[in-house]
Amino acid sequence: MSSAGPLKQMIRQFIDEIKAVSGVNECALVSTDGILIGKSFEDSLSAQSFGAMCATMIASSEAAASVVNIESPLWIVVNSQNSAIILVPAGERLLIAVTANNDVHLEGVCTHLREIGERIGGAL
């Protein structure tokens, strides 16, 4: 019997939980290699590109932190005038990438996403 069904269901539940965080507009669960695992985005091509770019951003931030002898970032925020991109590690091989309104308390959103990320890392 294939485990693909339960795995897809678990990923969908995590995507729904991430999307339910106050301020989150869209989200993706991405491997650290940039492979899209799950998403809430309607446009598949945009989501795939977004996932790959987010994996690159998190890898670059971890490398930069290492060069200056600081710990890997807990999260990364790219803030614009009206929106933000938030990246949060989810275990060793995955990351959560979201677009969010920046009129919410972004640190609270990041903390909540980090808690979800820890559960994802333990489950997947």
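**View 1. β3 and β4 form a hairpin with 3 residues between them.** The model shown here is predicted. The two strands of this hairpin pair in the antiparallel sense, over 4 bridges. Ile76 stands opposite Leu87 of β4. Leu87 also has a bridge partner in β5, namely Ala97.

**View 2. A second hairpin joins β4 to β5, with 4 residues between the strands.** Gly91 sits in the turn and has a positive phi of about 85°. Strand β4 covers residues 83–89, and β5 covers residues 94–101. They run antiparallel, and 7 bridges join them. Among the paired residues are Ile85 of β4 and Thr99 of β5.

**View 3. Five strands make up an open sheet.** The order of its 5 strands is β2-β1-β5-β4-β3, and the pairing is antiparallel. Which strands stand at the edges? They are β2 (36–39) and β3 (76–79). Each has a single partner strand, so one side of each is left without a neighbour in the sheet. From one strand to the next, the twist averages 15°. In general, strands of a sheet pair through backbone hydrogen bonds, either parallel or antiparallel.

**View 4. Helices α2 and α3 pack on the sheet.** Helix α2 spans residues 44–67. It touches β1 (24–31), β2, β3, β4 and β5. The direction of α2 makes about 65° with that of β4. Helix α3 spans residues 106–123. Its strand contacts are with β1, β3, β4 and β5. For α3, the angle to the direction of β4 is about 30°.

**View 5. Phe50 lies in helix α2.** Is Phe50 buried or exposed? Its relative accessibility is 13%, so Phe50 counts as buried. Leaving aside neighbours within four places in sequence, Phe50 is in contact with Phe41, Ile85, Ala97, Val98 and Thr99. Two of these contacts, Ile85 and Thr99, are themselves bridge partners. Leu36 is 14 residues away from Phe50 along the chain. The C-alpha atoms of Phe50 and Leu36 are separated by 9.0 Å.

**View 6. Helix α1 packs with helix α3.** Helix α1 takes in residues 4–19. The two helices pack at an angle of about 175°, and their axes are 11 Å apart. That angle makes α1 roughly antiparallel to α3. From α1 come Met10, Phe14, Glu17 and Ile18. They meet Leu113, Ile116, Arg119, Ile120 and Ala123 of α3. By type, the residues of this contact are 7 nonpolar, no polar and 2 charged.

**View 7. The largest nonpolar core has 22 residues.** Which members touch the most others? They are Ile18, Ile86, Ile96, Val98, Leu113 and Ile120. Two or more residues come from each of α1, β1, β4, β5 and α3. Helix α3 gives the most, with 6 residues. In soluble globular proteins, nonpolar side chains tend to be buried together.

**View 8. Ile120 is one of the core members in α3.** Neighbours within four places in sequence are left aside here. Ile120 is in contact with Phe14, Ile18, Leu29, Ala90, Leu94 and Ile96. Apart from the core that holds Ile120 lies another core, of 12 residues. Among its members are Ala55, Ile58, Ile76 and Ala97. Ile76 is the residue that stands opposite Leu87 in β4. Ala97 is the bridge partner of Leu87 in β5.

**View 9. Ser31 has its place in strand β1.** The relative accessible area of Ser31 is 10%, so Ser31 is buried. Residues up to four places away in sequence are not counted in its contacts. Ser31 touches Ile37, Ala55, Arg93, Leu94 and Leu95. Ala55 is among the members of the 12-residue core. Leu94 is also one of the contacts of Ile120.

**View 10. Asn69 is placed in the loop between α2 and β3.** Is Asn69 buried or exposed? It is exposed, with a relative accessible area of 71%. Phi of Asn69 is near 60°, a positive value in a residue other than glycine. Most residues other than glycine have a negative phi.

Terms used: Residues are numbered from 1 along each chain as its sequence is written. This is a predicted model: local features need pLDDT of at least 70, side-chain atom pairs count only at pLDDT 80 or more; totals for chains, interfaces and linings use all residues. Side-chain values use heavy atoms; hydrogens and water are left out. Two strands pair if DSSP finds at least two bridges between them. Axes are lines fitted to C-alpha atoms, for helices over the stretch in contact, and angles run from 0 to 180 degrees between N-to-C directions. Contact means heavy atoms within 4.5 Å. Buried means under 20% relative accessible area, exposed over 50%, partly exposed in between (1.4 Å probe, protein chains only). Angles under 35 degrees count as roughly parallel, over 145 as roughly antiparallel, 65 to 115 as roughly perpendicular and the rest as oblique. Ala, Val, Leu, Ile, Met, Phe, Trp, Tyr, Cys and Pro count as nonpolar, Asp, Glu, Lys and Arg as charged, and the others, Gly among them, as polar. A nonpolar core is a set of buried Ala, Val, Leu, Ile, Met, Phe, Trp, Tyr and Cys residues joined through side-chain atoms within 4.5 Å.
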